[in-house]
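Trainee: Please take one part of this model and go through it closely. I would like to know how it sits against its neighbours.

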Amino acid sequence: MRAFLSQLRWQFTLLQKNSIISISFAVTLIYGIILYFSKEGGYLDKVLVAMVLNDPSVIGYFFIALAIYTEMKHGILPALFVTPVNLHQLLIAKTLSVSIIGVICLLGLVISVKGFDFGIMYYTLGSLGICVMSALLGLMMLTYANEFLKFAMMSVPVFLAFFNLPLFHYLGGVDMGMIKYLFPIQGSVDLISNAVSGTEVHLWYSILSILIVVPLFYMLAYRLFARKIVHQ
Amino acid sequence: MMIQVENLEFQYPGNDGPTLKGLNFEIDKGEVFGFLGPSGAGKSTTQKVLYKILSGYSGSVRIDGKDLSGWNNAYFEKIGVGFELPNHYLKLTGKENMDLFASFYPNGRKHKIEELFGMVDLQEALNKPVETYSKGMKMRLNFIRAIQHNPDILFLDEPTAGLDPVNAHKIKQHILDLKAAGKTIFITTHNMHTADEICDRVSFIVDGELKVTDSPQKLKSQYGREAIRVELKDGKKQEFPLEKLGENRAFLTFIKEAEVKQIQTLEASLEEVFIQITGKSLAS
């Protein structure tokens, strides 16, 4: 546990030194200001959930990839892999660090418009679910592209499938019916929606889906990373 | 025997043929062993197999008497790797880079950080971001990062590349000190002077095959000539065998004929031996 906490601390240090924390907070602040001045609009909750779905997915998905591409570019990964570093600890620390930043940003976003008048437990759990899933998805996808630009191009269909379809459904743009329950982030979306608007939530489904999807994503990300990045 | 390699073959996925074609070599504990060859010969691939970055090889690799595949993560506590190019977190300071890597080892760092930085004259740069370091400074940081956990085996890829002569000399001296402390050191380089100065034995590798393995001294005497060439200021030149040179009347007479301009040994350089054996230049 001590070794893991040490890795987590180093990951936060790296995020901070590479200005990723500052950028995340700055973007959230801009979103927060926009939301604050849109308070009187009738679609505030919908806009809030839409932003919640975009902000952490970007932080988790892109920033974890950016951090690893930077390590690749500077040849740091081979140096890491000839140490006794525990790959599980390393990947979980990377995932958790960007996810915690994401959750803090999301809490800032909701507090800017709702104060503390929202379901903080469900909101935090839903946010953490989306942040962790998006970071793990970023880890998986980066194993298929050897440079960030290619990764970004490949991300368009991935974003559509994983984040935008559930969002369109939530906004009422498309009706996915029961299919929506197959989306990995649907459980988190339901929790967040319930937390900010009091909409119906099937708690067992939401929690179960997060408990199933996160380990599944992690297992896939770990295997891909070990096979395609560590052992080339 | 610290490292034993038998019939090592490796082929990268998608390549037409193998990069390593049945390598055989052994490295004793406390030996400095050099792998010499041009770019693309298979030097780095061999090292990558030995430090477990590449799997899927055939043949046998035994480290300290145990098959490489049988080693768990503890293997990485036993080895230290100095890479050919600098590879550090540029936004972190030199000390932070060292601390981060030391955090991966259960027993942490075995030397004081100030001593390590002092070894390679980087004391002043201890708390400066690595992005402000020159390439030579980053290479010296590579070196101390590789030895900070006091490994038994060191893999050094071009350890003097990018260093000025003074610092290159210091690194070579540190390598000899590590050898004296019983460390096993496996160097890959295309710098014949470095190999000649610090290696106990060298192997020439070309196109994934080892052509010869022996001490630099033996190779130079075997492929060179044990003779000297004398040039006088009047332009005359003559060669004499080294054997019983002081009793060689022709030599003694010759050097009295005019003032001596220069005397050269005709021992082959390691580079000349390499070219003779492999038919290739190290620059290729």
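**A helix pair in chain A**

Mentor: The crossing of α6(A) and α8(A) is left-handed. The model is a predicted one. Helix α6 of chain A covers residues 120-142, and helix α8 of chain A covers residues 186-197. Their axes come within 8 Å and cross at roughly 150°. Angles over 145 degrees count as roughly antiparallel, so α6(A) is roughly antiparallel to α8(A). On the α6(A) side, the contact is made by Y122(A), Y123(A), L125(A), G126(A), S127(A), G129(A) and I130(A). Facing them from α8(A) are G187(A), S188(A), V189(A), L191(A), I192(A), N194(A), A195(A) and V196(A).

Helix α6(A) also matters for the count of the largest nonpolar core, which has 132 residues. The largest share of this core, 13 residues, comes from α6(A). L136(A), L139(A) and F155(B) touch the most other members of the core. Leaving out residues up to four places away in sequence, L136(A) touches T95(A), F217(A), Y218(A) and A221(A).

As for the surrounding chain, chain A has 9 helices and 0 strands. Its radius of gyration is 18 Å, close to the 17 Å that the globule rule gives for 232 residues, so chain A is as compact as a globular protein of that length. The C-alpha atoms of chain A fill a box of roughly 55 × 35 × 35 Å along the principal axes. Of the 232 residues, 41% count as buried. Among contacts in chain A with a separation of 6 or more, 78% are between residues 24 or more positions apart.

Conventions
Residues are numbered from 1 along each chain as its sequence is written. Chains are lettered from A and ligands numbered from 1 in the order in which they are written. This is a predicted model: local features need pLDDT of at least 70, side-chain atom pairs count only at pLDDT 80 or more; totals for chains, interfaces and linings use all residues. Helices (H or I, at least four residues) and strands (E, at least two) are DSSP runs, numbered from the N terminus. The radius of gyration is taken over C-alpha atoms; the globule rule is 2.2 Å times the number of residues to the power 0.38. A residue is buried if 20 or more other C-beta atoms lie within 10 Å of its own, exposed if 12 or fewer, and partly exposed in between; C-beta atoms are placed from the backbone. Two residues are in contact if their C-beta atoms, placed from the backbone, lie within 7 Å. A nonpolar core is a set of buried Ala, Val, Leu, Ile, Met, Phe, Trp, Tyr and Cys residues joined through C-beta atoms within 7 Å. Axes are lines fitted to C-alpha atoms, for helices over the stretch in contact, and angles run from 0 to 180 degrees between N-to-C directions. Angles under 35 degrees count as roughly parallel, over 145 as roughly antiparallel, 65 to 115 as roughly perpendicular and the rest as oblique. A crossing is left-handed if the near helix is turned anticlockwise from the far one by less than a right angle, and right-handed if clockwise.
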